[in-house]
Amino acid sequence: MSNAILTSSQYQNYRHIDLVVIHCSATRCTRSYTVDDCRRDHRNQGFADIGYHYYITRDGVVHAGRPLYTEGAHAQGYNRYSIGICYEGGLDIRGRPADTRTPQQKDTLHRLLQRLKEDYPQARVVGHRDLPGVRKACPCFEVNGDICI
Ligand SMILES: [Zn+2]
């Protein structure tokens, strides 16, 4: 996988999307958690595949998760009409919630959201914790509109 995902229109999606939900992998900044690790863990939890549609590793590479036309498994009650994006990290060296995004991850997230806003102009971008009833720190940074413009 490569960042070509950001520039080519290589997918078709017939699902209605009104939400883009951002997550962190809840991984300490000193540890690695690859897209394969994530996929394996989600499968072990009984999911058919990785729960997210995109996974952004520390090097800024965006990896394909579930196809966009498939419902994700990342935000209970909101999977049907949403796209899930996860970045590797979210915990500091002691395991506390922290915005550990690298400059590369920030840049990739920005570009990915720009692209998704073109395809789904009606979609709102939120952090997982911004959804009603969610009591988590995920994605460990404040998601506001400006990161998607
Ligand atoms: Zn989350």
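**A tour from strand 5 to helix 2**

Start with the whole chain in cartoon view: from the N terminus on, its elements run β-β-α-β-β-β-β-α-β. That comes to 2 helices and 7 strands. Keep in mind as you look around that this is a predicted model. Colour by burial next, and 38% of the 149 residues count as buried. If you draw the contacts between residues at least 6 apart in sequence, 67% of them join residues at least 24 apart.

**Stop one: strand 5**

Select residues 82-87, which make up strand 5. How many of its residues are buried? The count is 6 of 6, so you are looking at a strand that is mostly covered. Turn the view to see both faces: S82, G84 and C86 are buried on one side, while I83, I85 and Y87 are buried on the other.

Now add the strands that pair with it. Strand 1 (19-24) runs parallel to strand 5 and is joined to it by 6 bridges. Strand 3 (54-56) is also parallel to strand 5, with 3 bridges between the two. Zoom in on Y87 for a handy landmark: C24 stands opposite it, and I56 stands opposite it too.

**Stop two: the core around I85**

Show I85 as sticks. Leaving aside neighbours within four places in sequence, I85 is in contact with V20, I22, H23, Y52, H53, Y54, I56 and L112. I85 is also, along with V20 and Y55, one of the residues with the most contacts inside the largest nonpolar core, a set of 31 residues. Which elements feed this core? Strand 1, helix 1 (35-44), strand 3, strand 5, helix 2 and strand 7 each supply at least two of its residues.

**Stop three: helix 2**

Follow the contact from I85 to L112 and you arrive in helix 2, where L112 is buried together with Q105, T108, L109, L113 and L116. Look down the helix axis: these buried residues fall within an arc of 130°, so they line one face of the helix. On the face turned away from them, pick out the exposed residues P103 and E118.

What covers the buried residues? Show strands 1, 3, 4 (62-64), 5 and 7 (124-127), which are included in that cover.

Finish with a quick distance check. Helix 2 spans residues 103-119, and at 1.5 Å a residue its 17 residues should span 24 Å. Place a distance label between its end C-alpha atoms: they are 25 Å apart, which agrees with the expected span.

Conventions
Residues numbered from 1 in each chain as written. Predicted model: local features only at pLDDT ≥ 70, side-chain atom pairs only at ≥ 80, totals over all residues. Helix = DSSP H or I, 4+ residues; strand = E, 2+ residues; numbered from the N terminus. Expected span 1.5 Å × (residues − 1). Buried ≥ 20, exposed ≤ 12 C-beta atoms within 10 Å, placed from the backbone. Arc of directions from axis to C-beta. Contact = placed C-beta atoms within 7 Å. Core = buried A, V, L, I, M, F, W, Y, C linked by C-beta atoms within 7 Å. Pairing = 2+ DSSP bridges.
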